[in-house]
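Me: Please take a close look at one helix in this model and explain how it sits in the chain. I am a first-year student, so give the cut-off for each term you use.

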Amino acid sequence: MRATTGLSDTNNTDIVESLSTFDLPKIRAFQKRTKLGKLSHIPGGSGLPFFGHTYWLATDSHAWLDRKYAKNGPVFRAKTPIHDMVMLLGPEANKLVFKNEGKIFSNFLAWDNTFENLFDNALLERDFADHKKERKVLQQAFKRPAIEGHMQIMNPALKMGIEQWRTGRTIKAMDHVKKLLLNVGAKVFLGIEMGPQADTINQAFIDIVAGCGDPIRRKEIWFSPYAKGIRASKTLCKYIMDNIPERRKVVGLDIFSQLCHMRDDEGKLIKDEIIRDHMIFVLFAAHDTTTSALSAILYALASNLEWQEELREEMSSLNKNGIEFDDIDALQKTGWTFKEALRMYPALSVIPRYALKDFEFNGHLIPANTMVTVSTVFTHYMSEYWTNPHTFDPYRFSPERAEDKQHFFQYIPFGGGAHKCLGLHFADVQVKIFLFHLLKNYKVTKNSKMKKYKYNNVPLTFPTDGLPLRFDRIHR
Ligand code: HEM
């Protein structure tokens with residue numbers, strides 16, 4: 001595909017090998033000596049001085065992507081202060097990137113900028129054989145018996161947490177969801193009860209996430225969010241490492257305790273450092289994504305009261321006080337609601353990769369050492385696949401309509417291929433348990449002046465106004 005392009009002469013065979021074995025010194029050496037590929041032959045401008053296209057990517061991505069697509073087709077340049085990149089739009093682009101045949105794309109080199117020193121050795125930034133090995137280890141924590149254990153923790157914790165929310169007046173729903181998921185997360189991920197220890201750990205987690213979003217990334221500026229994030233990462237890592245011996249002595253339902261008892265292919269207990277790296281990344285991968293999804297769902301339910309009532313009836317028809325594993329599939333309409341919220345407001349609006357080799361897409365030759373991104377939001381609104389894409393319509397996911405089943409890569413809120421989200425069932429379960437306890441007991445409404453969901457796409461899709469909603473207790 002590449003030899004005649006005249007673009008670059010890079011085969012990058014060595015880096016593929018270094019990534020496959022996670023040979024960090026060699027990967028770092030590659031990063032130091034390699035410059036990004038030249039993109040002047042790819043259509044699309046550079047946007048604003050310094051900021052490039054950041055504003056449009058963060059705030060107005062639908063309209064911007066539609067304009068760009070109309071002008072340039074599915075391949076064009078985009079720029080942020082951190083990267084020049086090539087955007088690849090549509091399900092065929094998603095297929096090329098996620099299937100990753102020929103090992104063209106690296107996750108490490110795409111995500112390292114965001115994660116370095118904060119979430120080192122994260123599963124999401126492992127590549128090829130090394131990734132496959134590590135994913136197999138972590139996968140054990142998401143099998144049915146493990147999820148059944150998590151449900152035992154989540155049912156009472158989510159129920160109690162929601163009961164503490166103020167009713168009868170408008171509150172910032174996103175902030176409440178975020179706090180609740182942090183507290184429940186401390187229990188279900190780490191096995192820590194609410195209290196000072198959970199507060200310390202939760203604060204460390206908040207600082208690490210803030211560090212990820214710091215564009216300056218200078219660890220020597222001790223008060224910067226990045227430097228604070230690095231210190232918090234050390235606190236969290238220390239907590240995990242210090243507690244592994246104790247957790248190995250007892251059996252617990254939380255993910256940390258479970259990982260401490262898991263064994264690799266040779267029957268050996270998983271190494272402490274691997275438990276640490278998996279745990280810290282899972283906390284990150286799980287928390288803000290689910291907060292983003294629940295915020296979008298709550299907005300949708302407050303805007304569609306009849307549909308909210310239908311979900312309430314679905315919950316009540318179970319005739320139970322909590323959800324068990326076998327109830328999950330019965331909550332069909334709730335499942336479509338989750339899917340539709342993630343179609344309209346996917347937590348990750350773009351998904352990045354780094355091209356290790358020259359490749360061709362839609363008649364464009366893209367050189368090795370280019371950052372590429374696929375776009376969830378663009379694909380999720382393509383009128384070729386979705387009827388009235390700007391309308392909230394959960395029935396589009398019903399078996400009768402199955403709008404999502406026309407192309408395997410048209411619906412990608414959880415990514416695809418080797419790195420497809422490992423926690424998607426966990427997220428489905430958590431969202432359903434949350435909605436079960438909420439909707440059975442409360443009605444969610446919004447002010448009639450609130451006409452649309454106000455959100456930013458960067459770093460994740462979050463409401464910009466904290467999501468002012470009102471919760472009223474239902475008296476039966
Ligand atoms: C609505 C909630 C969630 C959304 C929208 C979401 C989205 C995603 C996406 C798009 C990716 C792939 C990124 C890429 O390919 O570069 C991913 C990966 C991942 N997610 Fe999620 N996620 C969610 C919840 C969770 C939860 C609850 C967990 C864990 C409990 C989790 C664990 C992971 C892990 C471990 C990976 C890395 C998989 C790998 O590299 O093999 N996620 N997620």
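**A close look at helix H10**

Reply: In H10, the buried residues are Ile201, Asn202, Ala204, Phe205, Asp207, Ile208, Val209, Gly211 and Cys212. A residue is called buried if 20 or more other C-beta atoms lie within 10 Å of its own, exposed if 12 or fewer do, and partly exposed in between, with C-beta atoms placed from the backbone. Residues are numbered from 1 along each chain as its sequence is written. This is a predicted model, in which local features need pLDDT of at least 70 and side-chain atom pairs count only at pLDDT 80 or more, while totals for chains, interfaces and linings use all residues.

Helix H10 covers residues 196-212, which is 17 residues. Helices (H or I, at least four residues) and strands (E, at least two) are DSSP runs, numbered from the N terminus. From its first C-alpha to its last, H10 reaches 25 Å, close to the 24 Å expected at 1.5 Å a residue. That expected span is 1.5 Å times one less than the number of residues in the helix.

The buried residues of H10 pack against four helices: H6 (108-115), H9 (173-190), H11 (225-249) and H13. Contact between two residues is defined by their C-beta atoms, placed from the backbone, lying within 7 Å.

One of these partners, H13 (272-303), also supplies residues to the shell around the ligand. A residue is near a molecule if its C-beta atom, placed from the backbone, lies within 6 Å of it. The shell has 22 residues, and the closest are Ala286, Thr289, Gly415, Cys421 and Gly423. H13 gives the largest share, six residues. Helix H17 (424-441) supplies at least two. By type, the shell divides into 16 nonpolar, five polar and one charged. Here Ala, Val, Leu, Ile, Met, Phe, Trp, Tyr, Cys and Pro count as nonpolar, Asp, Glu, Lys and Arg as charged, and the others, Gly among them, as polar.

As for the setting of H10, the chain comes to 17 helices and 12 strands. Of its 476 residues, 43% are buried. Among contacts with a separation of 6 or more, 73% join residues 24 or more positions apart. The C-alpha trace of the chain spans about 70 × 55 × 45 Å along its principal axes.
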